[in-house]
Structure formats: C-alpha cells, structure tokens
Amino acid sequence: MPLVTSKEMLWAALEGHFAVGAFNANNMEQVQAIIDAAVEEHAPVILQVSQGAIRYAGLNFAAAMVKAAAADADVPVVLHLDHGTDFAQNVRCLRAGFTSLMYDGSKEPFEVNVANTRRIVEIADIVGIPVEAELGRVLQATDGATEEEIEAAKTDPAQAREFVERTGCSSLAVAIGSVHAMKTAEAELDIERLKKLRAAVNIPFVLHGSSGVKEESEVEAIQYGICKINVATMLNQAFTRGLLEAIQEDPENVDPRKWLIKSREAVKEVVRHKIRLFGSSGKVTASGFVSPKTVHRGVHIGGTEE
Ligand SMILES: [Zn+2]
C-alpha cells in the first residue's frame, strides 16, 4: 500500500498501549528485512533513514527503496527522517515524499529549538506531515557519556509542556536514561520521570537509543506513553554478524548475494523479535490499518488548530 503518515499510527499505539518499531535502514537488504518482518507479523512499521543513511544511499534513492517496498506490503509503512539537523534537510525530505519528519534541535538552546521546530511544523502541517521533535538530549555512547551527564540531559516535564504547546510538534523524543549507539543492553529507563512527562504532556513519546536499554525497561516504558521505539545499532550489529558468519562459512564464494542473504535474515529476526516485544505484532486489522476507531485529529495544542 502507499506510505502512510506516523500521526494516526502513533495515536493508535498510545491508546492501545503498544509501540511501533522505528527501524533504521541504510541499504536494500535492510529495507527488505524490516518490511518482510512487519508483513509476516501483521505489524505497522516505521522505516527511518538518518542523515548518515542519506549521505550513504542518496536521498531520492533511499526514499524510492522504501516506497517500492511499502507498495508491495499489506501493512502500513511510514517513511521517517531520523534526526533531521536543520530546516533545509526537512524541506528536502518533504519534497522526496517522506511521511514523517524529525527536527532534532536538542543541542540548541531552548528558545532556538522552539523556534526551529515551530518553523518546520508550520510548513509540514500544510501538507499534513507530522513532525517529531527532541527536548532534553539523548547522548552518544561514542562521546563517553557519564552518569552525571545522562542525568543532566534528561527531559524536564514542565519545559516539555511549554515546548509542545509552543511548537505544535506531533511527537516528542524524550531523554529518560537511554544513550545512542550502545552495543549492549544494560541501561534502565527513568520510569518515574516518564510518568511525570506523561502527566505534563499528552502526545506520543519516542524512545531513542533503545539498543542499549534492558528489554523489560522498554516494555515498562510503553505503558507510560512511549509509542515509537527507534532501533538502529542492533540492526547494524545483526547485519554485520550475519555477513561475517556467511563469509567464514564459505570464504571462497564470489557472489555477494549468497552472503547478503544471511545478513538480511539476521536483521529480519531482530526486527521480528522487537515487533513482538513492543506489542505491535498483529495490530494491522483486516481493513488494513491499526484500530481506525482510535484515530485522533487536531492534536495541536495552541497552534494552528482549525
Ligand atoms: Zn536517535
């Protein structure tokens, strides 16, 4: 089916107490693995490309791959920009047919983050495309984030309320203890902070850096409004592990397809596992979409409400 936007999907997840997996892809095999797993699990899915993926594959090529895969799938698929760094990148992705955007102004001062997010929401709203924003900061493992730094970067509930009211963003990436690009799942999420954020703000929340979070902690967070969970590092690990094993098994082979099939299978199994863990398996109904009754409209607070 054609691509859908993330707005209705995430509100259905919020009401249904599940999370939609948002899986990063950089190449054809990863796109196919993610879509195949979602189709087999009858799960809605978000396929996201980062700035790095756009540099690697090219914007139009990345968008075309996801559109082609979605067209053949009988589950709703969203094409999402992960960590859009500026206004121009978001506009380019809108033009390329993305059905969900992100502006990450978390490194900027609060007022700059508000102004930039608001500007992108205004243009995306014209064509009905939702925008994810980030407040607080999900740090990078490669920067060697300390416990104190992770704590200081967490999202403040009162500030989050003001941010959402002033920007009209559709969903919010919250910093509650996860760190990007961790290679092992050992972090516990700050559920108490998440509860306070949920009490302050009534829009879908997004968890970044999930590869480094204990699975029981992820599942608990879904009960308090985490509706989209980003998975990237774990998929790259699976892809590379599958490739290395395939090469070791048959080092004389010269046909890359024989190796890449193993990579694709390895990614698909991780996606399937996460879809089941997040509770999104089986959420696509016979009518082809997630619980249509739970669709919400006009969720903008204090913005361009009709
Ligand atoms: Zn992220």
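Student: Where is H42 found, between which two elements?
Tutor: The model is a predicted one. H42 is outside the helices and strands here, in a loop. That loop runs between α2 (28-41) and β2 (45-50).

Student: Is H42 buried or exposed, or in between?
Tutor: The cut-offs are 20 or more other C-beta atoms within 10 Å for buried and 12 or fewer for exposed. H42 has 16 C-beta neighbours inside 10 Å, so H42 counts as partly exposed.

Student: What phi does H42 have?
Tutor: Most residues other than glycine have a negative phi. H42 is not a glycine, yet its phi is positive. The value is about 50 degrees.

Student: Where is A181, and what is its phi?
Tutor: A181 lies in the loop between β6 (171-174) and α9 (191-200). With 15 other C-beta atoms within 10 Å, A181 is partly exposed. A181 is not a glycine, but its phi is positive, at about 65 degrees.

Student: How many of the 11 residues of helix α1 (residues 6-16) are buried?
Tutor: The buried residues of α1 include S6, M9, W11 and L14. They pack against β1 (20-24), β2, β3 (77-82), β6 and β8 (226-231). Helix α1 is largely enclosed by the rest of the structure because the number of its residues that are buried is 9.

Student: Which residue just after α1 takes a positive phi?
Tutor: The phi in question is about 55 degrees. The residue that takes it, just after α1, is H17.

Student: In what order do the 8 strands form the open sheet?
Tutor: The pairing in this sheet is parallel. Its edge strands are β3 and β4, each of which pairs on one side only. Neighbouring strands are turned by 30 degrees against each other on average, direction ignored. The order is β3-β2-β1-β8-β7-β6-β5-β4.

Student: Over how many bridges do β2 and β3 pair?
Tutor: S50 stands opposite D82 in β3. β2 and β3 pair in the parallel sense, and the number of bridges is 6.

Student: Which residues of β5 are buried on each side?
Tutor: Strand β5 (residues 131-135) is mostly covered, with 5 of its 5 residues buried. Both faces are covered. On one side the buried residues are V131, A133 and L135, and on the other they are E132 and E134.

Student: What is the handedness of the crossover from β4 to β5?
Tutor: Strand β4 (residues 101-103) and β5 pair in the parallel sense over 3 bridges. L101 stands opposite V131 in β5. The chain goes from β4 through helix α6 (residues 110-126) to β5, and this β-α-β crossover is right-handed.

Student: Which residue in β6 is the bridge partner of E132?
Tutor: β5 and β6 pair in the parallel sense over 4 bridges. In β6, the bridge partner of E132 is S171.

Student: Which residues in the largest nonpolar core touch the most other members?
Tutor: In soluble globular proteins, nonpolar side chains tend to be buried together. The largest nonpolar core here has 91 residues. L47 touches F23, I34 and V66, among others, not counting residues up to four places away in sequence. The residues that touch the most other members of the core are I34, V45, L47, L101 and L172.

Student: Is A38 buried or exposed?
Tutor: A38 is found in helix α2. Leaving out residues up to four places away in sequence, A38 touches A43, V45, A73, V75 and I275. A38 has 31 other C-beta atoms within 10 Å, so A38 is buried.

Student: How are α6 and helix α8 (residues 157-167) packed, in angle and axis distance?
Tutor: Two packed helices are described by the angle between their axes and the distance between the axes. The contact is made by residues including F110 and V114 of α6 and F163 and R166 of α8. α6 passes α8 in a right-handed crossing. The angle is about 35 degrees, and the axes are 9 Å apart.

Student: At what angle do helix α11 (residues 233-249) and helix α12 (residues 256-277) pack?
Tutor: Among the residues that meet are L235, A238 and G242 in α11 and W259, A266 and V270 in α12. The crossing of α11 and α12 is right-handed. Their axes are 7 Å apart, and the angle is about 145 degrees.

Notes. Residues numbered from 1 in each chain as written. Predicted model: local features only at pLDDT ≥ 70, side-chain atom pairs only at ≥ 80, totals over all residues. Core = buried A, V, L, I, M, F, W, Y, C linked by C-beta atoms within 7 Å. Contact = placed C-beta atoms within 7 Å. Pairing = 2+ DSSP bridges. Right-handed = clockwise from strand over helix to strand, strands pointing away. Axes fitted to C-alpha atoms, helices over the stretch in contact; angles between N-to-C directions. Left-handed = near helix turned anticlockwise from the far one by under 90°.
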